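Here are a few exercises to work through with the model open beside you. Try each task before you read its solution.

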Amino acid sequence: MHERILGIETSCDETAAAVVQDGRTVLSNVVHSQVALHARWRGVVPEVASRSHTERILPIVEAALRQAEVAPGDLDAVAVTHRPGMVGCLLVGLAAAKALCWRFSLPLLGVDHVQAHVHTGFLADPDLPLPALALVASGGHTALYLVHAPGRTERLGTTRDDAAGEALDKGAALLGLPYPGGPAIERAAVGGDPRAVALPRTLLGPDSLDFSFSGLKTALLYTLQPQGSPPPAGPPTGQRLQDLAAAYQEAVVDVLVAKLRRASERHPVRSLCIGGGVARNLRLRERLASDPQLAALHLVLPDPALCADNAAMVASLGATLRRQGLAAELDLDAIATPQSGGKAKVRP
Ligand code: KG4
Ligand code: ZN
């Protein structure tokens, strides 16, 4: 008998539902993106996001069940993102999940969104060699994890200021490019020379596995408008724009790759996987695939649809929680912050 879990995700600006079989086979993966709704504000407006989730959640859940050809009564559990995220948004997914669990007597599984991004590695490759190193790079989070087993991770480092995706979104705004900035910069960088403009790579201390991207954004600002000079007439165009976008993208990718190298020197990992919206970036994927220092590791680059916010990763991690007997009560709370990741011990 197969296990079928419905996953629900509403932590940010995607309303998503998916059905995953036996923790690894995606039967459906439905995502409604609110990007168009938030584009004019260049970022997610919490009240607008939660209202849109409320409008969309039931049709999206119905579509996921229909596409998977599973009736709600035939589900084995419902997994829902309950942290971290905007509380008003999380509550919409939670309310839907709880209602289904109550009506159909199903176990409820509360999933951490960042852990679900980490877990994407297992969805992409159920035989992921362990221990693994996982990079989560998204609009809200940039962190490195040591993965010992499904659902058992140790945080090695995190961002001290902006997330990688946030840096790309803010950089794109400075360059006059649309929101979301990551894909806009990736497109604008085509044909650009990343060495044409010098931008900093902040690596923090020699041992640090943390990230910092706010200096990069400021450096771009001063490149566009040197201190003491009048504001430019308009955003850069043509070759200059391509070079700036390529240089900015390269600076973000360089830091991510450098930290992964550093972490792999320190921890005896067998594989490397990536998740989060920034993991869709082709330049990052290319650099990881061709890096000589990382070549010994089994590299997992999940399908881009599994890197962006989705509910398949939530259902898949939910399957692990169910196996571990970690069902939640129906009073499960929405929590704004991520699960605290214990600091990993560094190998001498
Ligand atoms: O994981 P995600 O969909 O949502 C959050 O949990 O934040 O990540 C969204 C972030 C945005 O900052 C967006 O600019 C970035 O991922 N992103 C990309 C690409 N596609 C999305 N960054 C670089 N290259 C891309 N192709
Ligand atoms: Zn995310």
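Before we start, a convention: two strands pair if DSSP finds at least two bridges between them. Helices (H or I, at least four residues) and strands (E, at least two) are DSSP runs, numbered from the N terminus. This is a predicted model, where local features need pLDDT of at least 70, side-chain atom pairs count only at pLDDT 80 or more, and totals for chains, interfaces and linings use all residues. Residues are numbered from 1 along each chain as its sequence is written, and side-chain values use heavy atoms, with hydrogens and water left out.

**Exercise 1. Trace the strand partners of β7.**

Solution.
- Start with β6 (residues 132-137): this strand pairs with β7 in the antiparallel sense, over six bridges.
- For a landmark, find Val-136, whose bridge partner in β7 is Ala-143.
- Now look at the connection: four residues sit between β6 and β7 in their hairpin.
- Move on to β8 (residues 152-158), which is antiparallel to β7 and also pairs with it over six bridges.
- Here Ala-149 stands opposite Arg-152 of β8.
- The β7-β8 hairpin has two residues between its strands, and Gly-151 in the turn has a positive phi of about 80°.

**Exercise 2. Decide how enclosed β7 is.**

Solution.
- Set the cut-offs: buried means under 20% relative accessible area, exposed over 50%, and partly exposed in between (1.4 Å probe, protein chains only).
- Apply them to β7 (residues 142-149): six of its eight residues are buried, so the strand is largely enclosed by the rest of the structure.

**Exercise 3. Check the length of α3, then see what covers it.**

Solution.
- The expected span of a helix is 1.5 Å times one less than its number of residues.
- For the 18 residues of α3 (residues 87-104) that gives 26 Å, and the end C-alpha atoms are 25 Å apart, which agrees.
- Next, pick out buried residues of α3, among them Cys-89, Leu-94, Ala-97 and Leu-100.
- Their cover includes β1 (4-9), α2 (46-68), β4 (77-83) and β5 (108-112).
- Just past the helix, Ser-105 takes a positive phi of about 50°.

**Exercise 4. Why is Cys-273 not bonded to Cys-307?**

Solution.
- A disulfide is a pair of cysteine sulfur atoms within 2.5 Å.
- The cysteine sulfur closest to that of Cys-273 belongs to Cys-307, and at 9.6 Å it's too far for a bond.
- By this rule, the model has zero disulfides.
- As for burial, Cys-273 is buried at 1% relative accessible area, and Cys-307 is buried at 0%.

Definitions and conventions: Chains lettered and ligands numbered in written order. Contact = heavy atoms within 4.5 Å.
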